[in-house]
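User: I am new to this structure and would like to go through some of its charged pairs and its metal site. Please reason step by step and finish each reply with what was asked for.

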Amino acid sequence: MKQRLFLVLLCIGSVLFTACTSNQSHYEKSELIMDTLVTLSAYGKNSKIAVEEAFTRIEEIDHMASSENQDSDIYKINQEAGNHFVVVHPEVYKMIQTSLTYSKLTEGAFDITVGPLIKLWGIGTDHEQVPSEAEIKEALSLVSYDNILMNEKECSVMLLKRGMSIDLGAVAKGFAADEVHKIFESYDITNALINLGTSSIDTMGVNEEGKPWVVGIANPRAEELKPYLAILNTSEEAISTSGDYERFFEKDGKRYHHILDPKTGYPAEHKSMSVTIVINQKEEDCGLLSDILSTVAFVLGPEEGVQFIATLPGVSGIVTTTDKRLYTTDEFDQRLLSLNEDYQIIK
Ligand code: AMP
Ligand code: MG
């Protein structure tokens with residue numbers, strides 16, 4: 001809890017520090033949205049209007065996708081579970097439909113119907129707990145992507161059983177990053193850094209020195225002097241990271257984190273500590289996919305996770321494990337600069 005408070009304070013500090021610097025061609029702004037610090041930095045004569053419009057768009061997406069906001073489509077779907085179809089925004093339909101594709105491909109390692117489990121564990125809230133076996137069993141009986149009904153013609157969605165609930169926590173930020181990218185393109189912005197709280201990043205063109213953007217991959221067990229696992233030079237890519245250090249609590253010396261295994265009902269435990277996925281922007285919906293895939297690979301574990309992402313076009317990545325090993329897709333290890341020497345690459 002203390003650690004979270006510190007992070008929040010740090011974030012607010014950053015907002016004040018970087019708030020709205022503007023000059024002729026560069027505009028940067030940071031705001032706390034979607035439970036994270038979003039920083040948008042764009043170059044070009046339309047940079048200010050593009051960044052402002054992008055923030056409005058992120059707020060709209062948050063509004064549609066949040067399971068807590070009583071006006072959101074997701075809240076309504078959850079309320080009507082076992083009852084009715086709910087007509088949703090096409091964006092929400094797309095997020096759910098894409099999520100379903102990856103649920104099927106991973107036989108349920110990825111499953112946005114984990115809502116009842118998320119509520120039960122309460123990780124990141126003031127009522128986080130290790131639930132009883134019986135409670136987990138009960139919540140698990142409500143988790144199944146097979147019980148999401150979709151009606152494409154009506155753009156509506158229904159959950160089959162009462163008590164089921166959808167959570168787009170692993171999806172919405174990546175979708176928002178794609179939307180910001182589209183807005184920037186519509187304003188002829190070619191150089192920009194879109195950063196949704198480091199968990200979803202999108203790099204357009206080059207930085208102000210005319211070089212690729214430099215992005216640090218977080219060290220999942222960051223000591224003060226080693227905040228990064230490695231540095232990545234990147235341009236025209238979507239990058240997403242999921243990790244057991246983002247939201248967790250400890251009880252009796254054990255870490256309970258926020259990425260759940262829908263098969264067991266417990267935090268996913270295949271030695272994964274963090275996953276970073278990189279997708280070339282030639283791939284459609286690269287932000288959305290990278291967000292989904294970082295969670296997918298985390299739940300699948302290092303070997304299976306890397307094997308799975310390697311089958312997908314334009315996708316590369318790295319999984320770090322609790323024993324400080326690094327599993328990467330082919331040749332991705334060669335892109336990792338200033339690699340933290342505490343970690344060992346597995347070939
Ligand atoms: P991310 O940080 O992108 O990996 O997303 C983690 C968030 O996704 C969690 O906080 C939950 O809201 C949700 N989530 C947790 N486990 C799963 C899962 N197995 N499949 C889909 N969403 C999940
Ligand atoms: Mg994700």
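User: Is Glu269 buried or exposed?
Analyst: In this predicted model, the relative accessibility of Glu269 comes to 57%. Since a residue counts as exposed when its relative accessible area is over 50%, Glu269 is exposed.

User: Which residue meets the side chain of Glu269 in a salt bridge?
Analyst: Glu269 lies in the loop between β13 (254–257) and β14, and its partner lies in strand β13, so the pair ties together parts that are 15 residues apart in sequence. The partner is partly exposed, with a relative accessible area of 32%. The two side chains meet at 2.8 Å, N to O, and the residue asked for is Lys254.

User: How many residues apart are Lys94 and Asp285, whose side chains also meet in a salt bridge?
Analyst: The side chains of Lys94 and Asp285 meet at 2.8 Å, N to O. Lys94 belongs to helix α4 (residues 90–105), while Asp285 sits in the loop between β14 (272–280) and α8, and this pair of distant parts of the chain is separated by 191 residues.

User: Which residues coordinate the magnesium ion (ligand 2)?
Analyst: In sequence, the donor residues are spaced A-x120-D-x3-T. The alanine lies in the loop between β6 (156–159) and α7 (172–186) and the aspartate in helix α8 (residues 286–300), so this pair ties together parts that are 121 residues apart in sequence. With donor atoms at 2.1 to 2.8 Å, the coordinating residues are Ala170, Asp291 and Thr295.

How values were computed
Residues numbered from 1 in each chain as written. Chains lettered and ligands numbered in written order. Predicted model: local features only at pLDDT ≥ 70, side-chain atom pairs only at ≥ 80, totals over all residues. Heavy atoms only, no water. Donors = N, O, S within 2.8 Å, 3.2 Å for Na, K, Ca; no water. Helix = DSSP H or I, 4+ residues; strand = E, 2+ residues; numbered from the N terminus. Salt bridge = Lys/Arg side-chain N within 4 Å of Asp/Glu carboxyl O. Buried < 20%, exposed > 50% of the residue type's maximum accessible area, 1.4 Å probe, protein only.
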